[in-house]
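Here's a short set of exercises to work through with the model open in your viewer. Try each task before you read its solution.

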Amino acid sequence: MQDKPYFCPNCRSNRIKFSLMTSYSQPFVKDALTGVVTESSEANAITQSEPTIQCQVCSFVGNEMRFVKQAEREPRTVTQVSPTYV
Ligand SMILES: [Zn+2]
């Protein structure tokens, strides 16, 4: 996850409460006749190149970039700082 501000592009009211959506892979072995799970291993989180984020206000789910981009378009600060070019 990036250390950048998020802003929900859907409800546009949430900048603070989010969930990180993680997928897990859990191998298991089934009995071919009865269908009973006979063995199971630890669940492993599947590493994603870009995290999937959910807004806790409106439940919108999108990849992290959408939240970061929205925060960049509509920054929290009201006073605009003019960029200084050196
Ligand atoms: Zn939202």
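**Exercise 1. Find the bridge partner of glutamine 54 in β7, then build the sheet outward from there.**

Step 1. The partner of glutamine 54 in β7 is valine 61. Strands here are DSSP runs of E with at least two residues, helices are runs of H or I with at least four, and both are numbered from the N terminus. Before going on, note that this is a predicted model: local features need pLDDT of at least 70, side-chain atom pairs count only at pLDDT 80 or more, and totals for chains, interfaces and linings use all residues. Residues are numbered from 1 along each chain as its sequence is written.

Step 2. β6 and β7 run antiparallel and are joined by three bridges. To count as paired, two strands need at least two bridges found by DSSP.

Step 3. Now look at the other neighbour: β1 and β6 (residues 52-55) are paired in the antiparallel sense over four bridges. Serine 19 sits opposite glutamine 54, and phenylalanine 18 sits opposite cysteine 55.

Step 4. Put it together and you get an open, antiparallel sheet of three strands in the order β1-β6-β7. β1 (18-21) and β7 (61-63) are at the edges with a single partner strand each, so one side of each has no neighbour in the sheet. From one strand to the next, the twist averages 35 degrees.

Step 5. Add the helix: α1 (residues 64-73) packs on the sheet and touches β6 and β7, and its direction makes about 85 degrees with that of β7. Such angles run from 0 to 180 degrees between N-to-C directions, with axes fitted to C-alpha atoms (for helices, over the stretch in contact).

**Exercise 2. Work out which residues of β6 lie on its covered face, and what isoleucine 53 contacts.**

Step 1. Start from the rule that side chains in a regular strand alternate between the two faces of the sheet.

Step 2. In β6, Ile53 and Cys55 are on the covered face, while Thr52 and Gln54 are on the uncovered one.

Step 3. List the contacts of isoleucine 53, leaving aside neighbours within four places in sequence: Tyr6, Phe18, Leu20, Met21, Gly62, Glu64 and Phe67. A contact means C-beta atoms, placed from the backbone, within 7 Å.

Step 4. The largest nonpolar core has six residues: Tyr6, Phe7, Cys8, Ile53, Cys55 and Phe67. Such a core is a set of buried Ala, Val, Leu, Ile, Met, Phe, Trp, Tyr and Cys residues joined through C-beta atoms within 7 Å. Buried means 20 or more other C-beta atoms within 10 Å of a residue's own, exposed means 12 or fewer, and partly exposed is in between.

**Exercise 3. Decide whether the chain is a compact globule or more spread out.**

Step 1. Take stock of the elements: the chain has one helix and seven strands, in the pattern β-β-β-β-β-β-β-α along the sequence.

Step 2. The radius of gyration is 20 Å, well over the 12 Å that the globule rule gives for 86 residues, so the chain is more spread out than a compact globule. The radius is taken over C-alpha atoms, and the rule is 2.2 Å times the number of residues to the power 0.38.

Step 3. Check the box: along the principal axes, the C-alpha atoms fill roughly 70 × 30 × 15 Å. Buried residues make up 7% of the 86.

Step 4. Try a residue pair. Valine 37, in strand β4 (residues 37-40), has its C-alpha atom 43 Å from that of lysine 4, 33 residues apart along the chain. Valine 37 is exposed, with 10 other C-beta atoms within 10 Å.

**Exercise 4. Where is serine 59, and is it buried or exposed?**

Step 1. Serine 59 is in the loop between β6 and β7, a hairpin with five residues between the strands.

Step 2. Count its surroundings: 11 C-beta neighbours inside 10 Å make serine 59 exposed.

Step 3. Check the backbone: phi of serine 59 is near 70 degrees, a positive value. Most residues other than glycine have a negative phi.

Step 4. Compare arginine 12, in the segment before β1. Its phi is positive too, near 50 degrees, and arginine 12 is partly exposed, with 13 other C-beta atoms within 10 Å.

Notes. Two residues are in contact if their C-beta atoms, placed from the backbone, lie within 7 Å.
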